[in-house]
Amino acid sequence: MAATVAAAPSSPGRWFGFGYNRFGQTVPDVAADRVLEPRHLAARGSGPRPGHGPDIQPAPACKVCPAWSHSAGWRGESARGGESGPASHIPLRQFSGDGSIYFWGFVADGPWHHIYINNRDQQRCRDMLTSEKYLLTLWQDRVECWDVPSLCPTGDTMGSVIWTKHLQEEEENPNTAFPLIPGGYVTTTPPFYKPLSPRLQARRLALGGEHALMLTFDWTLYSWGSGRHGQLGHGSVEDGAEPRVVEALQGLAMAEIAAGTWHSICTNASGDVYVWGWNESGQLGLPTKLQSGKEHQQLSLQIGPSGEGTPALKDAGDGIIGNVNVFISIQAFPALLDFPGELEMCKVSCGSRHTAAVTRCGKLYTWGWGNYGQLGHGQADSSDVPRLVEYFTENHLSVMDVVCGPWNTFVVAQGGI
């Protein structure tokens with residue numbers, strides 16, 4: 001069964017940001033360390049620190065990739081109606097979709113800087129992936145890795161490309177999403193390219209801090225990497241060197257996946273949400289001692305979906321099986337997360353220790369660590385319960401997609417008064 005795909009909106013969307021902003025990496029026209037509620041990313045205008053970068057505020061057309069101290073935006077071809085990138089349904093008509101890339105935040109050796117990188121050799125960049133140190137760009141015939149600290153304020157890229165993998169044109173598969181490439185995938189960690197067995201038939205990949213999630217063409221979920229916080233979903237805290245089916249979800253058609261630093265989330269084709277991994281700040285939406293204000297019995301690891309020896313709330317396919325006087329630090333098996341009114345989710349994203357989900361009716365819910373306002377509730381509080389971000393409903397905005405950075409959040413929404 002194919003995943004539900006959001007329809008193209010009848011009006012253009014607008015980008016909003018909130019959370020950690022010490023270097024201007026979230027909302028550059030707000031001179032504050034924290035942005036506690038959603039703020040619109042203006043398309044043009046002067047920044048709060050004159051002389052730091054061009055007179056253009058970043059408002060990416062297709063995709064935002066936040067790192068810790070900076071963010072990058074890609075003006076992909078989908079801004080002109082093409083099909084590239086996970087947010088290809090977002091046609092922001094103020095941009096030409098020329099494939100260019102923006103950086104804002106701590107870049108070019110300083111905070112509150114902006115860098116505009118135009119296309120090279122008249123080719124359009126087709127997608128991107130960034131981290132604190134490296135930027136990966138997908139072109140028609142190659143993948144390049146750029147050293148972000150070496151970028152200069154003028155956007156000159158001379159000397160910044162440190163690795164290239166050439167692709168054969170006939171190898172291109174339009175049904176897979178970057179960072180998947182023919183034969184494997186790329187990461188922002190050297191050696192940058194890692195092979196995958198062709199028998200897996202990978203369709204979509206989510207990279208976490210130390211682990212990876214993958215959906216195949218039959219919508220089966222695999223995971224591998226570090227498992228020390230239960231983020232692989234196999235019922236233990238052991239690492240996994242090779243992709244392995246998440247057996248607790250086998251037989252369910254998964255639709256969306258996201259990986260945080262040490263936690264994971266996915267939705268199935270019906271809009272149900274499953275979470276697993278580390279829950280220290282409530283990023284799974286399960287009870288945590290930090291949020292309870294009460295003395296609870298510590299639950300450090302859940303043994304399995306059978307419920308033997310586990311006071312779990314809900315395990316995948318197993319119902320309510322325990323008492324509520326516990327807190328959960330590690331959830332090693334996928335747990336079904338309840339939402340009020342049986343809401344169906346169509347988009348999910350993970351930050352370092354916070355999580356966000358979008359409903360099919362365009363509402364945004366966030367939970368987890370909120371010390372920098374990355375939950376968007378107008379305060380710097382954390383929450384182990386999914387909470388509606390009221391800003392968007394109060395302003396008659398329908399949320400289309402969400403992207404969590406390590407300590408911040410970006411949202412694209414349409415409508416408004």
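**Group meeting: a predicted model rich in strands**

Of the 417 residues of this protein, 55% count as buried. I should state at the outset that the model is predicted. The secondary structure consists of two helices and 31 strands. The protein exposes about 17300 Å², and carbon and sulfur atoms supply 47% of that area. Among the contacts with a separation of 6 or more, 53% are between residues 24 or more positions apart.

Let me begin with a sheet in the N-terminal part of the numbering that you have before you. Here four strands form an open sheet in the order β3-β4-β5-β6, with antiparallel pairing. Its edge strands are β3, residues 63-66, and β6, residues 110-117, each of which pairs on one side only. From one strand to the next, the twist averages 15 degrees. As a general reminder, the strands of a sheet pair through backbone hydrogen bonds, either parallel or antiparallel.

At one edge, β3 pairs with β4, residues 70-74, in the antiparallel sense over four bridges. Within that pairing, Pro66 stands opposite Ser71 in β4.

At the other edge, β6 pairs with β5, residues 101-107, over six bridges, again in the antiparallel sense. Val107 has Gly110 of β6 as its bridge partner. The hairpin of β5 and β6 has two residues between the strands, and in it Ala108 takes a positive phi near 55 degrees. Is β6 enclosed or open to its surroundings? Six of its eight residues are buried, so β6 is largely enclosed by the rest of the structure.

A second sheet may be described in the same manner. Four strands form an open sheet in the order β14-β15-β16-β17, and the pairing is antiparallel. The edge strands in this case are β14, residues 202-207, and β17, residues 240-245, each pairing on one side only. The twist here averages 20 degrees from one strand to the next. The strands β14 and β15, the latter comprising residues 211-216, pair in the antiparallel sense over five bridges. In that pairing, Ala202 stands opposite Thr216 in β15.

I turn now to the aromatic side chains. A pair of aromatic rings is described by the distance of the centres and the angle of the planes. The count comes to 21 aromatic pairs. One of them joins Phe16 and Phe392, an edge-to-face pair with 5.5 Å from centre to centre and 90 degrees between the planes. Which elements does this pair link? Phe16 belongs to strand β1, residues 14-20, and Phe392 to helix α2, residues 390-394, so distant parts of the chain, 376 residues apart, are linked. Phe16 counts as buried at 1% relative accessibility, and Phe392 is likewise buried, with a relative accessible area of 1%.

A further pair is formed by Phe23 and Trp68. Their ring centres are 5.6 Å apart and their planes lie at 65 degrees; because an angle over 60 degrees counts as edge-to-face, the pair is assigned to that class. Phe23 lies in the loop between β1 and β2, residues 34-40, whereas Trp68 lies in the loop between β3 and β4, so the pair ties together parts that are 45 residues apart in sequence. Phe23 is buried, with a relative accessible area of 13%, while Trp68 counts as partly exposed at 34% relative accessibility. Both residues belong to a cluster in which ring pairs link Tyr20, Phe23, Trp68, Phe106, Trp369, Tyr372 and Trp407.

What does a search of the whole structure find with regard to disulfides? The search finds zero. Two cysteines may be noted in this connection: Cys145 is buried, with a relative accessible area of 0%, and Cys266 is buried, also with a relative accessible area of 0%.

Finally, I draw attention to Gly378, in the loop between β28, residues 364-368, and β29, residues 383-388. Gly378 counts as partly exposed, at 37% relative accessibility. Where sequence neighbours within four places are left aside, Gly378 is in contact with Leu36 and Glu37. Gly378 and Glu37 are 341 residues apart in sequence, yet their C-alpha atoms are 4.7 Å apart in space.

Definitions and conventions:
Residues numbered from 1 in each chain as written. Predicted model: local features only at pLDDT ≥ 70, side-chain atom pairs only at ≥ 80, totals over all residues. Heavy atoms only, no water. Pairing = 2+ DSSP bridges. Axes fitted to C-alpha atoms, helices over the stretch in contact; angles between N-to-C directions. Buried < 20%, exposed > 50% of the residue type's maximum accessible area, 1.4 Å probe, protein only. Contact = heavy atoms within 4.5 Å. Areas by Shrake-Rupley, 256 points an atom, 1.4 Å probe, with all protein chains shown as cover. Disulfide = S-S within 2.5 Å. Phe/Tyr/Trp six-rings, centres within 6.5 Å; stacked < 30°, edge-to-face > 60°.
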